[in-house]
Amino acid sequence: MKMKDMFPAENIYNLIPREEVKPSKPPRYTSTFRESVKAEEQKNKAAWKTLGPAKVEVPSPKDFLHKHTNEFKLAQKSAAIDPTEKPPRCLDEERRRPPVPRRTEQPIMGVQTNKSFIKTNVADAVMAVPKKPQPIIVDSKKGDKQLLETSGLVPKYIKKKDYGAPPEYLVKRNEEIKMAQEEYDAYVKERIKMGAMKQLAEEERQSALEGLKKNWDELHHEYQALSVVIDTLPKKAHKERLEEEMRQLERDIDLIERHKMIYIANK
């Protein structure tokens with residue numbers, strides 16, 4: 001129940017000041033895993049990772065580096081030498097070089113010869129053939145030089161063994177074309193023998209060619225006589241028909257001119 005319902009506005013008790021009652025806060029939530037999480041976090045955590053370097057003992061100012069401190073010192077020989085003890089062996093004894101021979105010693109050479117290398121070198125120098133200078137070419141006004149052999153001016157390519165010979169793919173293609181032509185000729189001969197087709201004579205071919213050219217001239221003359229302004233559908237259709245017929249005649253004329261031998265199938 002609310003306060004205004006307990007004490008209406010017309011009630012006299014509303015005139016008496018009352019202390020404000022603050023509601024108490026509920027207890028703060030604490031996880032049940034809090035202690036285990038803390039223990040796991042501190043388990044692998046070093047002191048210097050979050051709180052700086054670990055505290056170590058500061059060296060004393062008296063322990064400074066003295067002179068000859070790091071020098072190597074040999075072990076002192078004892079006065080009494082044990083005869084059973086083996087003498088110390090150098091670690092690099094096997095890798096040690098032999099001593100330098102004395103002046104009185106004469107080293108023994110492996111191979112001895114009486115050859116005079118000085119006279120031999122002089123004779124080789126006298127008998128040697130002088131080297132020929134390599135041919136060069138100057139390719140700029142500043143005197144830049146380069147070898148003539150690598151400059152591209154020496155005709156090397158035309159001296160090759162396969163220069164001028166057709167490549168293998170062209171030879172293979174020509175053979176394929178030749179074989180196809182032979183097969184076609186054999187097929188045509190067989191069809192002619194069977195009476196299925198006949199070869200058009202040269203007179204008939206020339207006559208057909210002249211007739212096609214004459215027809216093209218007539219269509220061209222008619223095409224030139226058309227009006228300049230094509231403003232109606234019949235005129236436009238007539239012009240397109242003439243152009244199509246002229247193109248077809250041109251294709252037929254080109255076909256007959258390119259092929260000297262024409263075969264006609266018998267019906």
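Me: Which residue does the side chain of Glu257 meet in a salt bridge?
Reply: This is a predicted model. In it, the closest N and O of the pair are 3.3 Å apart. A salt bridge needs a side-chain nitrogen of Lys or Arg within 4 Å of a carboxyl oxygen of Asp or Glu. The partner of Glu257 is Lys213.

Me: Which helices do Glu257 and Lys213 lie in, and how many residues apart in sequence are the parts they tie together?
Reply: Glu257 lies in helix 6. Lys213 lies in helix 5. The pair therefore ties together parts separated in sequence by 44 residues.

Me: Is Lys213 buried, partly exposed or exposed?
Reply: Its relative accessibility is 37%. Buried means under 20%, and exposed means over 50%. Lys213 falls in between, so it counts as partly exposed.

Me: Which residues make up the largest nonpolar core?
Reply: Helix 5 (202-224) and helix 6 (233-258) each supply at least two of its residues. Helix 6 gives the largest share, 5 residues. The core has 8 residues in all: Leu209, Leu212, Leu219, Leu242, Met246, Leu249, Ile253 and Ile256.

Me: Which helix do the buried residues of helix 6 pack against?
Reply: The buried residues of helix 6 are Leu242, Met246, Leu249, Ile253 and Ile256. In soluble globular proteins, nonpolar side chains tend to be buried together. Those buried residues pack against helix 5.

Me: What is Met246 in contact with, leaving aside its neighbours within four places in sequence?
Reply: Met246 is one of the buried residues of helix 6. Contact means heavy atoms within 4.5 Å. On that basis, the contacts of Met246 are Trp216, Leu219, His220 and Tyr223.

Me: How many Å apart are the end C-alpha atoms of helix 6?
Reply: Helix 6 has 26 residues. At 1.5 Å a residue, the span should be 38 Å. The model agrees, because the end C-alpha atoms are separated by 38 Å.

Me: Which residue forms a salt bridge with Arg258?
Reply: Look about one turn of the helix away: the two partners both lie in helix 6, 4 residues apart. Their closest N and O atoms are 2.9 Å apart. Arg258 is exposed, with a relative accessible area of 53%. Its partner is Asp254.

Me: What separates the C-alpha atoms of Asp254 and Leu209?
Reply: Asp254 is in helix 6. Leu209 belongs to the largest nonpolar core. Along the chain, the two are 45 residues apart. Their C-alpha atoms are separated by 9.4 Å.

Me: Which residue meets Asp231 in a salt bridge?
Reply: Asp231 is exposed, with a relative accessible area of 55%. The partner is partly exposed, at 35% relative accessibility. The N to O distance is 3.5 Å. The partner is Lys235.

Me: Is Val126 buried or exposed?
Reply: Val126 is found in helix 3 (residues 117-127). With Ile118, Val122 and Met127, Val126 forms a nonpolar patch on the surface, with about 480 Å² of accessible area together. At 63% relative accessibility, over the 50% limit, Val126 counts as exposed.

Me: What percentage of the chain's residues is buried?
Reply: The chain has 6 helices and 4 strands. Its accessible surface comes to about 27,500 Å². Of the 267 residues in the chain, the buried share is 5%.

Definitions and conventions
Residues are numbered from 1 along each chain as its sequence is written. This is a predicted model: local features need pLDDT of at least 70, side-chain atom pairs count only at pLDDT 80 or more; totals for chains, interfaces and linings use all residues. Side-chain values use heavy atoms; hydrogens and water are left out. A nonpolar core is a set of buried Ala, Val, Leu, Ile, Met, Phe, Trp, Tyr and Cys residues joined through side-chain atoms within 4.5 Å. Buried means under 20% relative accessible area, exposed over 50%, partly exposed in between (1.4 Å probe, protein chains only). Patches are made of residues with over 30% relative accessible area and no salt bridge: like charges are joined within 9 Å, nonpolar side chains (Val, Leu, Ile, Met, Phe, Trp, Tyr) within 5 Å. Accessible areas come from the Shrake-Rupley method with a 1.4 Å probe; for residues, only the protein chains shown count as cover. The expected span of a helix is 1.5 Å times one less than its number of residues.
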